[in-house]
Amino acid sequence: MSSKYYGSRGSGAPSWYLQRVTGVVLFVVAIGHYILMHYHIDSGHTYDAVLARMQNPLYKMLQITFVVIGLYHGLSGTWNVFRDYKMPGWLSWTILGLLYTAGVAFAGLGIATILSF
Amino acid sequence: MSSNYPPTGWVKVLLAYHKFSGSWAWVLHRITGLALTGYIMLHIIALMSLQKGKEAFDSEMLLFRTPLFLFLEWFLFAFLLFHALNGIRIALVDLAEGARYHKKLYYAVVIIGLLLFFGMGYIMFTQDTLHSVASVK
């Protein structure tokens, strides 16, 4: 692939591999997430239950990891979709820039919420 | 490549996929993936109300317990389910010997997915709604 169209000189192999690894991690964490949210609806959907879990620093770290890996996997996947279309260099750089910005911004918002407890 | 290549127009592009389970898996994986990426951002914004305290958060959660949102959440689960199960299929194809049985894997994704979808529907529309009525009022 040409850097002229895709804004990258790399083969993409590391991000291809990371996409699979993060996908498998998200698969495992998502199972836990769903059990926690739906085993009993109050366990996932009340302020008191959330506050109680947030007292545990390990749980906070898990949540931050979940947010970061989830956003990475999603936005990296979105970029993969865009990469399949031929477009001028300025456009691909703009899209890539927007995806990076969204990633940093939403990770920041999510982490700020988690750390506010 | 088949004779209708290169396809012109999006209808032709879509029709070109009809024969192969792998192509459908690819298209559905993209659609569900883009939707889930949008959802994770919405999810982060929605949970920011945690910073406003108990009342703000609990009143927001009441909205998400209404039948409409439960129904939407059920279909969110369908999207996640397909993406997750097909993602395992992709990992098996790419990192293991899955290429030898990728079609069987696809049918397994569909069958297991449907079972889990209806199982979750049963849990959400019996247990979740019952609990929501009992615990909120």
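# Core, interface and salt bridges of chains A and B

In the largest nonpolar core, which has 22 residues, Leu71(A), Phe106(A), Met41(B) and Phe57(B) touch the most other members. Two or more residues of this core come from each of α4, α5 and α6 of chain A and from each of α2 and α3 of chain B. The model is predicted. In it, chain B and chain A bury about 3100 Å² between them, and three salt bridges are found across their interface.

**Nonpolar cores**

- Helix α6(A) gives the largest share of the 22-residue core, namely seven residues.
- Beyond its neighbours within four places in sequence, Phe106(A) is in contact with Leu71(A) as well as with Met41(B), Ile44(B) and Ile45(B).
- A second, separate core has 15 residues, among them Leu70(B), Leu81(B), Leu85(B) and Met124(B).
- As a general background, nonpolar side chains tend to be buried together in soluble globular proteins.

**Helix α3 of chain B**

- The buried residues of helix α3(B), which spans residues 54-64, are Phe57(B), Glu60(B) and Met61(B).
- These residues lie on the same side of α3(B), because they cover an arc of only 100 degrees around the axis.
- In general, residues three or four places apart point the same way, because an α-helix has 3.6 residues a turn.
- The cover over the buried residues of α3(B) includes α3 (41-45) and α4 (47-54) of chain A, together with α2 (21-47) of chain B.
- Phe57(B) therefore appears in two settings: it is one of the buried residues of α3(B), and it is among the residues of the largest nonpolar core that touch the most other members.

**Interface of chain B and chain A**

- Contacts join 39 residues of chain B to 35 residues of chain A.
- Of the area buried between the two chains, 69% is on carbon and sulfur atoms.
- Arg30(B), Ile44(B) and Leu50(B) supply 17% of the area that chain B buries against chain A, more than any other three residues.
- Six residue pairs are in polar contact between chain B and chain A, counting pairs with both residues at pLDDT 80 or more.
- On the side of chain B that touches chain A, at least two residues come from each of α2, α3, α4 (67-95) and α5 (102-136) of chain B.
- Helix α4(B) provides the largest share of that side, with twelve residues.

**Salt bridges**

- The count over all chains is four salt bridges.
- Asp48(A) and Lys54(B) form a salt bridge in which the closest N and O atoms are 2.8 Å apart.
- This pair joins two chains, because Asp48(A) lies in helix α4 of chain A and Lys54(B) in helix α3 of chain B.
- Both partners count as partly exposed, Asp48(A) at 44% relative accessibility and Lys54(B) at 38%.
- A salt bridge also links Asp84(A) with Arg30(B), with 2.6 Å between the closest N and O atoms.
- This second pair likewise joins two chains, since Asp84(A) is in the loop between α5 (57-83) and α6 (89-115) of chain A and Arg30(B) is in helix α2 of chain B.
- Asp84(A) is partly exposed at a relative accessible area of 44%, whereas Arg30(B) counts as buried at 19%.
- Within chain B, the side chains of Asp58(B) and Lys54(B) meet in a salt bridge of 3.4 Å, N to O.
- Asp58(B) and Lys54(B) are four residues apart in helix α3 of chain B, so about one helical turn separates them.
- Asp48(A), Lys54(B) and Asp58(B) are thereby linked in a network of salt bridges.

Note on methods:
Residues numbered from 1 in each chain as written. Chains lettered and ligands numbered in written order. Predicted model: local features only at pLDDT ≥ 70, side-chain atom pairs only at ≥ 80, totals over all residues. Heavy atoms only, no water. Buried < 20%, exposed > 50% of the residue type's maximum accessible area, 1.4 Å probe, protein only. Arc of directions from axis to C-beta. Contact = heavy atoms within 4.5 Å. Core = buried A, V, L, I, M, F, W, Y, C linked by side-chain atoms within 4.5 Å. Buried area = accessible area lost by both parts, 1.4 Å probe. Polar contact = N/O pair within 3.5 Å; in protein donor to acceptor, adjacent residues only side chain to side chain.
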